[in-house]
Amino acid sequence: MSGLDTFAELESEVRSYVRAWPAVFERAQGTKLWDEHGREYLDFFSGAGGLNYGHNNDAMIAALVRYLQSDGVLHSLDMATTAKRDFLQRFDEVILQPRGMSYKVQFPGPTGTNAVEAALKLARKVTGRQTIVSFTNAFHGMTLGSLALSGNVAKRESAGIPLEYQLTAPFDGEFGAQSDTVAVLDAMLADHHNSVAAVIVETVQGEGGLHTASFEWLERLAESCEQHEVLLIVDDIQAGCGRTGAFFSFEPASIQPDVICLSKSISGSGLPMALTLIRPDLDIWSPGEHNGTFRGNNAAFVTATEALNWWNNDALSHEVQRKSELIRRELESIAAEHESLRATVRGRGFLQGLHTPVDGLASKICSGAFERGLLMETSGGAASDVVKLMPPLTIRDADLERGLAILRASVVASMH
Ligand SMILES: Cc1ncc(COP(=O)(O)O)c(C=O)c1O
């Protein structure tokens, strides 16, 4: 067997990206990947948000190689290791303290859904209540607790059992720009005040169509949670780690979530790692009450500590803001030039895209981009009606402009 046959023969039918991008990838560096025939692809996907600093960043790889060659401990559950201590200290110094944030760090299993499950369990334990409120079009992961929060019916059905102890509230803008969805949430929380443990929110809905919460809406949401004495969990797994400009996506809003979930780009290198950040007085776990074999992925801690060097100052954040304006302008111009797309621009920072209600068009545009050497996926749940741009935060202007030109060409071709 050669080429893609091996995957068709031996890998489960559940595989998906390989169907959209039928190539066997071999190497990657920065914003580029190469397949086994040497064909180059520009990356506007960034490992679904797991590679915010690009592929195989030199400093991270050097730190990792040094660690491996010094026989550094690779696997340690939640034993104390030097790699974990270095990470905890740097995270506190570079991220938490400068922002005046005080959180205890829980290392759950190494994926995003692990961070969410830990948050849900803790919220239920702290409050003694069971229901979690999530939002229309939300996505928080594929294990049963986080899947129960999903707004995607097909994904929910894959559970094969009823998903309970969850209520759906309308996200910002769900009923149009003018409607006040926090008022709906308020009414729900008043009705269910004895049963709701927490509200969980993404500031930009990465999988669910790039619907974007305004900072004012987030502030009012936080007030509502406080008033009804329910916890506020921000799932910053996709929108965090600088994806929208600031390290935490909610920083421009004056809110202090009770619990924050991080994963994807926290290791910086694509190695699996996740964190559940807990307001200190809520950290009522008993030792070992929540655990997991792969909580101590030290190789990820090493690259995560290195990745924090990007946050020693505001330079990356400013660059993301500058380049995201360029992305916005280009998307708005594409939408304006091609009326038949009926497109609108959604998202924030390096998590923006074009929504088009024309059936199948977003997927067609992304397929066309692949043919032209650009990796870009759709968002929007079952409808897949958003062309989603997620380049590495470290992309150079020339590559960004080249990718945007390929997107434009793919849009034009998709209409013939
Ligand atoms: C906002 C959000 N939460 C949670 C998850 C789940 O993360 P993982 O796939 O690592 O379990 C994702 C994945 O896309 C996500 O975007």
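User: Hi! What covers the buried residues of H10?
Analyst: Happy to help! The cover includes strands E5 (131-135), E7 (196-201) and E8 (231-235), along with helix H9 (181-191). Contact here means heavy atoms within 4.5 Å, and helices (H or I, at least four residues) and strands (E, at least two) are DSSP runs numbered from the N terminus. This is a predicted model, where local features need pLDDT of at least 70, side-chain atom pairs count only at pLDDT 80 or more, and totals for chains, interfaces and linings use all residues. Residues are numbered from 1 along each chain as its sequence is written, and side-chain values use heavy atoms, leaving out hydrogens and water.

User: Which residues in H10 are buried?
Analyst: Trp217, Leu218, Leu221, Ala222, Ser224 and Cys225. Buried means under 20% relative accessible area, exposed over 50%, and partly exposed in between (1.4 Å probe, protein chains only).

User: And which are exposed on the other side of H10?
Analyst: Glu216, Glu223, Glu226 and Gln227 are.

User: What comes just after H10?
Analyst: Glu229, which takes a positive phi of about 55°.

User: Switching topic: which residues touch the most other members of the largest nonpolar core?
Analyst: Phe87, Phe91, Phe248, Leu262, Met376 and Leu407, out of 82 residues. A nonpolar core is a set of buried Ala, Val, Leu, Ile, Met, Phe, Trp, Tyr and Cys residues joined through side-chain atoms within 4.5 Å.

User: Which helix gives the largest share of this core?
Analyst: Helix H12 (residues 315-337), with seven residues.

User: What is Phe91 in contact with?
Analyst: Leaving aside neighbours within four places in sequence, its partners include Leu96, Val105, Phe248 and Leu308.
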